[in-house]
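User: I have a model open and would like to talk it through with you. Could we go over it piece by piece?

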Amino acid sequence: MGYLEIIIIAVGLSMDAFAVSITLGLSVKTPKLIEYLIPGIFFGFFQALMPFIGHFAGSLFAGKINEFDHWVAFLLLCLIGANMIKDSFSKEDAREPASFQLTKMLLLAIATSIDALAVGITFAFFQVNIFVSILIIGLTTFFISIGGVKIGNLFGMKFKSKAEFIGGAVLILLGVKILIEHLFFM
């Protein structure tokens, strides 16, 4: 797996954080610098931490499932992507004011990064440089989250479902690409 694929995965994973950041941007009339940075820091950190944990866990059993690791990666990425697409059609969007409180941000960061844990497991199967990968994922999510706050503040909920849909589609396409590569080109 090359850097381009890792960047694409990073963008796909960051779409949940982007969608939540849009909601956070809605809640403030004129965001201060700290209100841009808080989501970026929280979401970026947890999006980087979860693949690291997943990679460690996946490394423990990656050698035992080399023959079907591409199927595991395909299934995990497709399940995550399908869930994101399903969520993009969800109508349950209470427009309550968002909060930048520590506990709420911590919960949001964990909730939006759970899918990155599964991606970390797939990284173990492909022996990806985890430190470079988590740096790319963390920084990508940091900047996309900051952009989400700005977009949310400017445009509102218009882009939330589109971002989740696109992120899910990207992850599914990457899963299909991995499967095709291993079935037909290995």
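User: Is Phe131 buried or exposed?
Analyst: Phe131 is exposed, with a relative accessible area of 56%; buried means under 20% relative accessible area, exposed over 50%, and partly exposed in between, using a 1.4 Å probe and protein chains only. Please keep in mind that this is a predicted model, in which local features need pLDDT of at least 70, side-chain atom pairs count only at pLDDT 80 or more, and totals for chains, interfaces and linings use all residues. Residues are numbered from 1 along each chain as its sequence is written, and side-chain values use heavy atoms, with hydrogens and water left out.

User: Which ring does Phe131 pair with?
Analyst: The structure holds three aromatic pairs, and in one of them Phe131 is paired with Phe52 in a tilted arrangement, 6.0 Å centre to centre and with 45° between the planes. Rings of Phe, Tyr and Trp (its six-membered ring) pair if their centres lie within 6.5 Å, and planes under 30 degrees apart count as stacked, over 60 as edge-to-face and the rest as tilted.

User: What does that pair tie together?
Analyst: Phe52 lies in helix 2 (residues 33-61) and Phe131 in helix 5 (residues 130-155), so the pair ties together parts that are 79 residues apart in sequence. Helices (H or I, at least four residues) and strands (E, at least two) are DSSP runs, numbered from the N terminus. Phe52 counts as partly exposed, at 34% relative accessibility.

User: And how far does helix 5 reach?
Analyst: Helix 5 has 26 residues and spans 36 Å from its first C-alpha to its last, which is close to the 38 Å expected at 1.5 Å a residue; the expected span is 1.5 Å times one less than the number of residues. At the start of helix 5, a side-chain oxygen of Asn129 comes to within 3.1 Å of the backbone nitrogen of Phe131. That is a polar contact, meaning a pair of N or O atoms within 3.5 Å, where within protein one must be able to donate a hydrogen and the other to accept it, and residues adjacent in sequence count only if both atoms are side-chain atoms.

User: Just before that helix, what is unusual about phi at Gln127?
Analyst: The phi of Gln127 is near 50°, a positive value in a residue other than glycine. Most residues other than glycine have a negative phi. Gln127 sits in the loop between helix 4 and helix 5 and is exposed, at 71% relative accessibility.

User: Switching to helix 4, what does Ser113 touch?
Analyst: Ser113, which is found in helix 4 (residues 102-125), touches Phe46, Gln47 and Met50 when residues up to four places away in sequence are not counted; contact means heavy atoms within 4.5 Å. Ser113 is buried at 0% relative accessibility, and its side chain reaches the backbone oxygen of Ala109 at 2.8 Å.

User: Is Phe46 buried or exposed?
Analyst: Phe46 counts as buried, at 11% relative accessibility. Phe46 also forms an edge-to-face aromatic pair with Phe45, at 5.2 Å centre to centre and 90° between the planes.

User: What about His55, which residues are in contact with it?
Analyst: His55 is in helix 2 and is buried at 16% relative accessibility. Leaving aside neighbours within four places in sequence, His55 is in contact with Gly120, Ile121, Phe123, Ala124, Val128 and Ile130.

User: Going back to the N-terminal end, where is the kink in helix 1?
Analyst: The kink, of about 40°, is centred on Met15; the bend at a residue is the angle between axes fitted to the seven residues ending there and the seven starting there. Helix 1 (residues 3-26) nevertheless reaches 33 Å from its first C-alpha to its last, close to the 34 Å expected at 1.5 Å a residue. Helix 1 is mostly covered, with 17 of its 24 residues buried.

User: How far is Ile22 from Gly148 in space?
Analyst: Ile22, in helix 1, is 4.6 Å from Gly148, C-alpha to C-alpha, although the two are 126 residues apart in sequence. Ile22 is buried, with a relative accessible area of 0%.

User: Last one: how many helices and strands are there overall?
Analyst: The protein has six helices and zero strands, and buried residues make up 51% of its 186 residues.
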